[in-house]
Amino acid sequence: MAAPKVAVVGAGIVGLSTALCIAETCPSCSVTVLSDQFSPNTTSDVAAGMLIPHTYPGTPIHVQKQWFKETFTYLFAISNSAEASEAGIHLVSGYQVFKNAPKEELPFWSDVVLGFRPMSRAELQKFPQHRFGQAFTTLKCDCPPYLLWLEKRLKATGVQMYTRKVADLWELHSEYNVVVNCAGIGAHQLVGDEKLFPVRGQVLKVHAPWVKNFIRDGDGLTYIYPGIHRVTLGGTRENGSWSLSPDPGATKDIFDRCCSLEPSLRGAQDIKVKVGLRPSRQSVRLQREVLSQAGVKLPVVHNYGHGAGGFSMHRGTAKEAADLVGECVAALQGSSSRAKL
């Protein structure tokens, strides 16, 4: 058969990474990214881009660890290359502090990040409200630069990108052999996934160049994540809220909570407010499906529902999705060769 045509729906971190993995692992495929929004207007552009996993209750821990490890290894290599600055990827050290010691003193990802250890008594003195803490070094992606870097890599490998709103995956069946659904929160409407729900996140991006270390409250709700140019302060977790309008009350609350962890932030300037909807479900939906109408079949690979863990897991899930696309293509080629016999 001619070069199989693959459409990836969605141009956030998951969509672009999946398209890149498909282009790398299936070089015979012609890959196209279709999305109604590209950077800087995606949910991924709002994300802090810190590689600190959250846990999916419906996904086995060993699978989550593999996704995280592949993502960390991939980004760590970029951080040690001449492309680090353009891609917006850098190492950042800091602290995760707890008011009470957590049930698990060693999270599943503790041996993937660098130098994970309990905080010393002297380090904890900076946080009088907290009784336990962990220090480690991880990676941070500054989101718009990283998305633009991915787009540049895609163009270099011949991937096409078009602004297009896809209302139904089936509308692509006459143009593409395989469709990959990376629509994020858009999958709620696109494929009618009732298990997918928005968790509204509001963050502040501030100018505070003296803040060099990250600080994260143990429950993950309050955090200070320094990037190359701006510091991200967070956050909120509002289940089921679809509102993209900034909430001034939440802005004040986030700022006050972050200042209680790092009082010097009172001097932060140029505060910008951003809102995004995390595409959340009990587990990432990463699977093959075959849609069929009137005897016509359309192989689909789903890769969405990463919630707050998109950056931490994106490369690992993209690789797995690309493998599933490879299986779809092999099945198509097998059936076309059988048809010729």
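A crossing of two helices is left-handed if the near helix is turned anticlockwise from the far one by less than a right angle. In the predicted model analysed here, helix 1 passes helix 6 in such a left-handed crossing. Two packed helices are described by the angle between their axes and the distance between the axes. For helix 1 (residues 13-25) and helix 6, the angle is about 30 degrees and the axes are 10 Å apart. Angles under 35 degrees count as roughly parallel, and helix 1 and helix 6 are therefore roughly parallel to each other. On the side of helix 1, the contact is made by Ile-13, Leu-16, Ser-17, Ala-19, Leu-20 and Glu-24. Helix 6 contributes Tyr-146, Leu-147, Leu-150, Glu-151, Arg-153 and Leu-154.

Helix 6 also meets helix 3 (residues 61-79), and here the axes come within 14 Å and cross at roughly 90 degrees. Angles of 65 to 115 degrees count as roughly perpendicular, so this description applies to helix 3 and helix 6. The residues that meet are Tyr-74, Leu-75 and Ile-78 in helix 3 and Tyr-146, Trp-149 and Arg-153 in helix 6. Tyr-146 and Arg-153 are thus named in the contact with helix 1 and again in the contact with helix 3. Tyr-74 of helix 3 has a further partner, Arg-315, whose charged end sits over the tyrosine ring at 3.9 Å from the ring centre.

Aromatic pairs were examined next. A pair of aromatic rings is described by the distance of the centres and the angle of the planes. A search of the whole structure finds twelve aromatic pairs. In one of them, Trp-109 and Phe-136 are arranged edge-to-face, with 5.2 Å from centre to centre and 65 degrees between the planes. This pair links distant parts of the chain, 27 residues apart. Trp-109 belongs to the loop between strand 3 (89-98) and strand 4 (114-118), whereas Phe-136 belongs to strand 5 (residues 132-141). Both residues, Trp-109 and Phe-136, are buried. A second pair is formed by Tyr-146 and Phe-311, with ring centres 6.5 Å apart and planes at 50 degrees, so the arrangement is tilted. This pair, too, links distant parts of the chain: Tyr-146 in helix 6 (residues 143-156) and Phe-311 in helix 9 (residues 310-340) are 165 residues apart. Tyr-146 has a relative accessible area of 0% and is therefore buried; Phe-311, with 5%, is buried as well. Trp-109 and Phe-136 also take part in a cluster linked by ring pairs, together with Phe-116, Phe-214, Tyr-223 and Tyr-225.

Local backbone features were considered at several sites. Two cis peptide bonds are described here. The bond that joins Ser-39 and Pro-40 is cis, with omega of about 15 degrees, and Pro-40 is found in the loop between strand 2 and helix 2. The peptide bond from Gly-234 to Gly-235 is cis with omega near 0 degrees, and Gly-235 is placed in the loop between strand 11 (231-234) and strand 12 (238-239). A positive phi of about 55 degrees is found at Asp-270, although this residue is not a glycine. Asp-270 is part of strand 13 (residues 269-293) and, at 43% relative accessibility, counts as partly exposed. Ala-294, another residue other than glycine, has a positive phi near 50 degrees. Ala-294 is located in the loop between strand 13 and strand 14 and is exposed, with a relative accessible area of 85%.

Two further residues illustrate a buried and a partly exposed environment. Gly-305 is found in strand 14 (residues 296-306). With a relative accessible area of 1%, Gly-305 is buried. Apart from neighbours within four places in sequence, Gly-305 is in contact with Tyr-56, Leu-196, Pro-279, Arg-281, Ser-283 and Val-284. The C-alpha atoms of Gly-305 and Leu-286 are 8.7 Å apart, and the two residues are 19 residues apart in sequence. Gln-37, by contrast, has 37% relative accessibility and counts as partly exposed. Gln-37 lies in the loop between strand 2 (30-35) and helix 2 (43-46). With neighbours within four places in sequence again left aside, Gln-37 is in contact with Ala-11 and Thr-42. From Gln-37 to Asn-181 the C-alpha separation is 15 Å, for residues 144 apart in sequence.

How values were computed: Residues are numbered from 1 along each chain as its sequence is written. This is a predicted model: local features need pLDDT of at least 70, side-chain atom pairs count only at pLDDT 80 or more; totals for chains, interfaces and linings use all residues. Side-chain values use heavy atoms; hydrogens and water are left out. Rings of Phe, Tyr and Trp (its six-membered ring) pair if their centres lie within 6.5 Å; planes under 30 degrees apart count as stacked, over 60 as edge-to-face and the rest as tilted. Helices (H or I, at least four residues) and strands (E, at least two) are DSSP runs, numbered from the N terminus. Buried means under 20% relative accessible area, exposed over 50%, partly exposed in between (1.4 Å probe, protein chains only). A charge sits over a ring if NZ of Lys or CZ of Arg is within 6 Å of the ring centre and within 35 degrees of the ring normal. Axes are lines fitted to C-alpha atoms, for helices over the stretch in contact, and angles run from 0 to 180 degrees between N-to-C directions. Angles under 35 degrees count as roughly parallel, over 145 as roughly antiparallel, 65 to 115 as roughly perpendicular and the rest as oblique. Contact means heavy atoms within 4.5 Å.
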